[in-house]
Amino acid sequence: MAPLTLYSWPTPNGIKASITLEELGIEYKIEPVNIATNIQKEDWYLKINPNGRIPALLDGDQRVFESGAILLYLAEKYDLQRQISYAQGSSEYVEQLSWLMFQMGGLGPMMGQAEHFRLFANTRSDYGIKRYVDETKRLYSVLDSRLKESAYLAGAKYTIADIANYSWVQIGPAALELDLSQWPSLHRWTAEVKQRAAVQRGMRIPETGTTPEQMAERFKEMRAKIDAMGNTDNH
């Protein structure tokens with residue numbers, strides 16, 4: 001059987017797929033898609049992911065795009081021992097699905113907007129920064145409340161729901177200067193997930209040569225550039 005091919009870059013959405021593959025121990029090939037070069041907009045890639053985003057997966061002739069769909073596909077087809085997922089029909093499966101959709105529809109989009117206004121915008125919008133950073137903090141509080149009562153998001157077991165949310169939560173301190181100690185249960189869970197060998201491997205796929213320290217410094221420079229701009233909200 002030909003190995004799966006993952007088209008990805010180590011962004012929060014990208015590492016969701018690589019961590020899941022590493023956790024399951026599946027043989028796969030990695031095809032780096034450096035999103036800074038817009039490879040993901042080229043025609044050959046759009047045949048794999050019509051949305052022109054990473055990650056995407058090829059399993060033989062089967063394409064899978066959107067990171068949440070990739071996690072569900074891998075869990076349903078390859079996690080037959082239920083190492084990182086719950087069986088369909090169980091109450092835990094529904095909880096797992098709910099927290100996965102929480103990340104897809106809430107945490108990811110809101111943090112993405114927070115990072116846009118805080119790091120990437122070509123004008124400074126204090127309104128945009130406050131709106132989306134505040135919403136990110138609210139979503140962190142939702143996760144923290146759940147993790148006060150449960151070891152993991154879907155129950156007693158680490159699952160793809162944890163992988164999906166961790167992949168975004170972990171970048172908050174470096175990108176948005178969020179202090180996870182404000183959310184003690186979330187902080188505990190984040191530290192625990194970070195120690196997993198498969199998580200550590202998955203976060204470095206594909207290898208870019210940039211260390212976490214270098215990335216944090218780059219984020220700091222990007223925030224300083226935004227801060228040096230005049231607020232344009234009232235212009």
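The following paragraphs describe strand pairing, the surroundings of Thr11 and the nonpolar cores in a predicted model.

Local features were considered at pLDDT of at least 70 and side-chain atom pairs only at pLDDT 80 or more, whereas totals for chains, interfaces and linings use all residues. Residues are numbered from 1 along each chain as its sequence is written, and side-chain values use heavy atoms, with hydrogens and water left out.

Strand E1 (4-8) and strand E3 (residues 56-59) run antiparallel and are joined by 3 bridges, with Tyr7 standing opposite Ala56 of E3; strands are DSSP runs of E of at least two residues, helices runs of H or I of at least four, and two strands pair if DSSP finds at least two bridges between them. E3 also pairs in the antiparallel sense with strand E4 (residues 62-65), over 4 bridges, and Leu57 has Val64 in E4 as its bridge partner. The hairpin of E3 and E4 has 2 residues between the strands, and Gly60 there takes a positive phi near 65 degrees.

Thr11 is found in the loop between E1 and helix H1 (12-24). Beyond its neighbours within four places in sequence, Thr11 is in contact (heavy atoms within 4.5 Å) with Ile35 and Ile54.

The largest nonpolar core (buried Ala, Val, Leu, Ile, Met, Phe, Trp, Tyr and Cys residues joined through side-chain atoms within 4.5 Å, buried meaning under 20% relative accessible area with a 1.4 Å probe, protein chains only) holds 61 residues, of which Leu74, Leu107, Tyr140, Leu186 and Trp189 touch the most other members. Helix H4 (residues 91-120) gives the most to this core, with 9 residues. A second, separate core of 7 residues includes Trp9, Ile48, Ile54 and Ala56.

Note on methods. Buried < 20%, exposed > 50% of the residue type's maximum accessible area, 1.4 Å probe, protein only.
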